[in-house]
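Subject: The structure I promised you

Hi,

Here is the structure we talked about, so open it up next to this email. I have written down what I found, piece by piece, and you can follow along on screen.

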Amino acid sequence: MGSFSLHASCLAKHNLPWSNGCSQNLNSLRIPALQRGPGFLSRKASKILAFYGLKSPPYALDALEPYMSKRLLETHWGEHHHGYVEGLNKQLEKNDILYSYTLDELVKVTYNNGNPLPEFNNAAQVWNHDFFWESMQPGGGGMPELGLLQQIEKDFGSFTNFKEKFIEASLSLFGSGWVWLVLKRQEKRLEVVKTSNAVNPIAWDDIPLMSLDTWEHAYYQDYKHDRGKYVNAFMNHLVSWHVVTARIIRAEAFVNLGEPKIPVA
Amino acid sequence: MAATAAVSPPCALVPCQGLRGALVSTRNFHATKNQRQRGRAVAAPISAKFDLKPPPYPLDALEPHMSQDTISYHWGKHHRGYVENLNMQIVGTDLDGMSLEDIIILSYNKGDILPAFNNAAQIWNHDFFWESMVPNGGGKPSGDLLGLIERDFGSFENFSVKFRSAASTQFGSGWVWLAYKANRLNVGNASNPRPSDEDKKLVVVKSPNAVNPLVWDYLPVLTIDVWEGPKCISFIFSQSRRADYVSMFMEKLVSWETVSARLEMAKAQVAEREREEEKRKYGEDNVNSSNEAVEMYLDSNIEDPAE
């Protein structure tokens, strides 16, 4: 769950059952085929390549209907997200230095303090989409609870305020990008942040808790140009506050937010 | 839409790009202004609003390549949205009354864009885009345009490859352009000591979001929209499909006639600019030399002191 480095480097295993039950198609691995001539054992078989796999969302593709249709997910995940993964793998084939990083590290390193390297777009988009799928759930929406709600009320005044801010950020983002609920490490507070294209708050070491994809490909097939309807559907029916809670709990190991939120019995 | 007929440009194929005021802009003055001039008291303030200019062909004319659905959405919702938003933004400000190109350059603010830029530029970009296409378009250009393409890219195929690759590699939203660039440095004391025709070339450029080459002082002649959304209707928009969309545009929709016409206008504009610069420079030189001449005459009246 969350942004842990779940994309383990491949260690030349042939069986790759993913922890969420999705099986990795071996054809998408970039392990060169063993080349055998008569009696010849290729040394290429021992070459280790790091690669990233297309991680599937933690729900079936039609589970988010009617707010996000199966057709949209098939395009968004199956073509776009998949495309970024393939693109990243292709780029990493050529580059020794980068292939050994975890995805988090790769994003930070290729962001290069604002002067991004060519791998950044693909790496960040893979990360962003993994994070985005996990930020949603069937039967989502509603309100956060307990400690998370208290933190939101502390930093935004009220949950409604936060919701308004989030929606406003999504509507005012021009072009392609993402809207995030982040925990800012230095300021030790929650904020709504919008970023362009593939940019991602882990690049400047903040901790994202939830995101919304506002690239047109993320909603056009279902909502056409009506981004407002899409954002509202996301906030009211899709966002998984459980996941956000889990993420902020983990974040509190790194950021001191004050007294622990012990729920009153 | 009927209201625009009174002031519409003479030829839909030749949009006004950069000829500030020379051709009619996409602006229409409200009837209230006329009424006021005739002495009737009107409550509404004077405002110069932009109108949504329709494409120069019916919305289903580009079938089956670009469906009527796509165009009616892209033009009717997105393009219209930009027009309405810009009108709301400029009311009462000093942008009100300026031409579209002037608003674009001003609000670009050398990269630190002001709020009106996105809407203004997107209106201009979309007008330009609709006019870049024509039913039964595509094929190859001819004449001067082809000659210039072959000179600057090697061959039409090379240009085509460059254009397509730019369209595929524009990350996020944006536009890809073929533009005519007059190589000059935009500083006062820089002058090209040996100006030649080779300095003016066609280039392929890509720009993000709403940016367009007018802000770099280029003269665009062709564009393709690579924002994702509206294409989603007929092209499921992943990287591979974007290539299909660009191919379709190049092979079936581009109006090379329009591009040629724009190129001629661009060349004329550049020539005009050069003439003005020449005149200015010549004017300055003239002033200097006439001063010197006067002094010389004065001196030569004096007898040689050595005598």
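One term before we start: two residues are in contact when they have heavy atoms within 4.5 Å. Keep in mind, too, that this is a predicted model.

With that, take helix α2 of chain A, which covers residues 103-111. Its buried residues are A:Leu103, A:Leu106, A:Val107, A:Thr110 and A:Tyr111. Buried here means under 20% relative accessible area. What do the buried residues of α2(A) pack against? They pack against α1 (70-93) and α3 of chain A. Now look down the axis of α2(A): the buried residues cover an arc of only 125° around it, so they sit on the same side of the helix. Right after α2(A) comes A:Asn112, which has a positive phi, near 50°.

Now zoom out to the whole of chain A. There are eight helices and three strands. Starting from the N terminus, the order is α-α-α-α-α-β-β-β-α-α-α. Of the 265 residues in chain A, 51% are buried. Contacts in chain A also reach along the sequence: of those with a separation of 6 or more, 69% are between residues 24 or more positions apart.

Next, the sheet. In which order do the strands of chain A lie? The order is β2-β1-β3, in an open sheet of three strands with antiparallel pairing. The edge strands are β2 (189-196) and β3, each pairing on one side only. From one strand to the next, the twist averages 20°.

Two helices of chain A pack on this sheet. Helix α3 (residues 119-134) touches β1 and β3, and its direction makes about 90° with that of β3(A). Helix α4 (residues 146-156) touches β1 and β2, and its direction makes about 75° with that of β2(A).

Here is a bit of background for the pairings. Strands of a sheet pair through backbone hydrogen bonds, either parallel or antiparallel. In this sheet, β1(A) and β2(A) pair in the antiparallel sense over eight bridges. One bridge to find is that of A:Gly177, whose partner in β2(A) is A:Ser196. The hairpin of these two strands has four residues between them, and A:Lys188 takes a positive phi there, near 55°.

On the other pairing, strand β1 (residues 177-184) and β3(A) are antiparallel over six bridges. You can check this with two pairs: A:Trp178 stands opposite A:Asp213, and A:Leu183 stands opposite A:Ile207.

How many residues of β1(A) are buried? Eight of its eight residues are. In a regular strand the side chains alternate between the two faces of the sheet. You can see two sets here: A:Gly177, A:Val179, A:Leu181 and A:Leu183 point one way from β1(A), while A:Trp178, A:Trp180, A:Val182 and A:Lys184 point the other way. Both sets are buried. As for β3(A), residues 207-213, seven of its seven residues are buried, so this strand is largely enclosed by the rest of the structure.

Then there are the aromatic rings. The count comes to 36 aromatic pairs over all chains. One of them is A:Phe132 with A:Trp133, a tilted pair at 5.3 Å centre to centre, with 40° between the planes. Both of these residues are buried. Another is A:Tyr223 with A:Tyr230, also tilted, with 5.7 Å centre to centre and 50° between the planes. A:Tyr223 and A:Tyr230 are buried as well. Have a look at the aromatic cluster too: among its members are A:Trp127, A:Phe132, A:Trp133, A:Phe156, A:Trp178, A:Trp180 and A:Trp241.

Last, go to B:Tyr73. Which lysines lie over this ring? From chain A there is A:Lys224, over the face of B:Tyr73 at 5.1 Å from the ring centre. From chain B there is B:Lys77, whose charged end sits over the ring, 5.1 Å from its centre.

Have fun clicking around, and write back with questions!

Cheers

Terms used: Residues numbered from 1 in each chain as written. Chains lettered and ligands numbered in written order. Predicted model: local features only at pLDDT ≥ 70, side-chain atom pairs only at ≥ 80, totals over all residues. Heavy atoms only, no water. Buried < 20%, exposed > 50% of the residue type's maximum accessible area, 1.4 Å probe, protein only. Pairing = 2+ DSSP bridges. Axes fitted to C-alpha atoms, helices over the stretch in contact; angles between N-to-C directions. Phe/Tyr/Trp six-rings, centres within 6.5 Å; stacked < 30°, edge-to-face > 60°. Lys NZ or Arg CZ within 6 Å of the ring centre and 35° of its normal. Arc of directions from axis to C-beta.
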